[in-house]
Structures are given as C-alpha cells and as structure tokens.
Amino acid sequence: MDALVEEAAKKAAVAWIAVAGRPPTLAWCAWLGGALLVVTGEGEQAIPGLSESATADVSLRGDHGGRIVTFPADVTRIAPSDEAWTELVPQLAGKRLNSSGAADDLVRAWAERCVVNRLAPAGASAGMPDDSQAAPPRPTPATRIPRRPFRLHKVRGARGR
C-alpha cells in the first residue's frame, strides 16, 4: 500500500468520492482495518452509485484544503453477518460526529437501513495533474444575480482643494 495514501487517510475525516464518471461527492469517512469506511443510506449521506459499484476514485485533502492524493479503490460492502462488521462498525459508530444516540443504537440502525462500504486502496495513487482541474459551479436554483449595493451618496474628489 502507498504510504502517502495510508497516512493521508488516517488523518482524513472526509473524502471526495467519484463513482462511474460522476462528479465527486464529499463524504465523511474513517480509516479502519486498512481501508476507508463510508456509510450510505437512509438517514446518512448519499453517494450515488457507490453501493452498486465495484470501484471508485478517492481524493483526500489536507488541513489547508489542497489535494494531497487521489487513488483508485475497490469497493466492497460489509454485511451485518460478516466478521468485519462486529470488529469495525462499532469503531466507526464511535467516530461518527453528531449522531443522535449511542454507538450501539447507531450500529443497529445501520444494520437495518444503511450500507457500510469499505474502500480499499487498489494500486498506485495518481500523480498530481498538470492542470488546475477547476470546474465551473454546478447549476442550482439557489444562485441569483446579486443587486448592486445601495449607495447613500457619491464620493467626489478630495476635500480641501
């Protein structure tokens, strides 16, 4: 495993996850058992296509907001009947911020209505791109053309001439 990926993932609280050519989605995650764990489903975050996909691209950013690394990941589901569930999911629930209950309640809720995805690094991380990778903002009804600011009076040349 790439040491940069492991070190960045251990410190990451969120990751940008791109699935099947869709734009990346920001998601909270935790590094446990050599992979990022991400919960999707009812009452949790929505990452379109992740639960059905076998692969994803994961980007991790540093404290300063800049990208540190992007890597391909193999996506597998952890079922409540799996051995990994009893080992990893209670730890993941303990790391969940702003949960509305105890970790045990959260684990039961995830077992009933959510999917716990395991994103394991698969291959070497991608190098940094040559271009900025900047994209225009996505269209949304929340944007509007701002009005000009109100001015009480015009400021003319300097006083005391």
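Helices and strands here are runs assigned by DSSP and numbered from the N terminus, and a loop such as the one between β4 and β5, home to I47, is named by the strands on either side. The model itself is a predicted one.

I47 makes a handy starting point. At 7% relative accessibility, this loop residue counts as buried, because the cut-off for that word is under 20%. Setting aside neighbours within four places in sequence, I47 is in contact with I17, V19, T25, A27, V38 and T40. R22 sits 25 residues away from I47 along the chain, yet the C-alpha atoms of the two are separated by 9.9 Å.

Next comes the inside of the protein. As a rule, nonpolar side chains in soluble globular proteins tend to be buried together. In this model, the largest nonpolar core has 22 residues, and those touching the most other members are I17, L36, L50, L60 and L119. At least two residues of this core come from each of α1 (3-11), β1 (14-18), β4 (35-41), β5 (55-61) and β6 (67-78). The top contributor is β6, which gives four residues. L50 shows what being in the thick of things looks like: leaving out residues up to four places away in sequence, L50 touches I17, V19, V38, T40, A56, V75, R77, N117 and L119. There is also a second, separate core, made of 16 residues, with W28, L37, W85 and C114 among them.

C114 leads on to the cysteines. A disulfide is a covalent bond between the sulfur atoms of two cysteines. The count of disulfides in this model comes to zero. C29 is in no disulfide, and the nearest cysteine sulfur to it, that of C114, is 16 Å away. Seen from the other end, the sulfur of C114 has its closest cysteine sulfur in C29, and that 16 Å gap is too far for a bond, because a disulfide needs the two sulfur atoms within 2.5 Å. Both residues are tucked away from the surface: C29 counts as buried at 5% relative accessibility, and C114 counts as buried at 13%.

Charged residues tell another part of the story. Side chains of opposite charge can pair when their charged atoms come close. Four salt bridges are counted in the model. One of them joins E44 and R96, with 3.1 Å from N to O. This pair ties together distant parts of the chain, 52 residues apart: E44 is in the loop between β4 and β5, while R96 is in the loop between α2 (83-95) and α3 (103-113). E44 counts as buried at 17% relative accessibility, whereas R96 is partly exposed at 22%.

Two other salt bridges sit within helices. K11 and E7 meet at 3.8 Å, N to O; they are four residues apart in helix α1, so about one helical turn separates them. K11 is exposed, with a relative accessible area of 68%, and E7 is partly exposed at 41%. In helix α3, D105 and R108 are three residues apart, so they too are separated by about one helical turn. The closest N and O atoms of D105 and R108 are 2.5 Å apart. D105 is partly exposed at 39%, and so is R108 at 48%.

Not every nonpolar side chain is hidden, though. V14, W16 and L26 make a nonpolar surface patch of about 250 Å². L26 belongs to strand β2 (residues 25-28) and is partly exposed, with a relative accessible area of 44%.

Methods: Residues numbered from 1 in each chain as written. Predicted model: local features only at pLDDT ≥ 70, side-chain atom pairs only at ≥ 80, totals over all residues. Heavy atoms only, no water. Patch = residues over 30% accessible without salt bridge, like charges linked within 9 Å, V, L, I, M, F, W, Y side chains within 5 Å. Areas by Shrake-Rupley, 256 points an atom, 1.4 Å probe, with all protein chains shown as cover. Buried < 20%, exposed > 50% of the residue type's maximum accessible area, 1.4 Å probe, protein only. Core = buried A, V, L, I, M, F, W, Y, C linked by side-chain atoms within 4.5 Å. Contact = heavy atoms within 4.5 Å.
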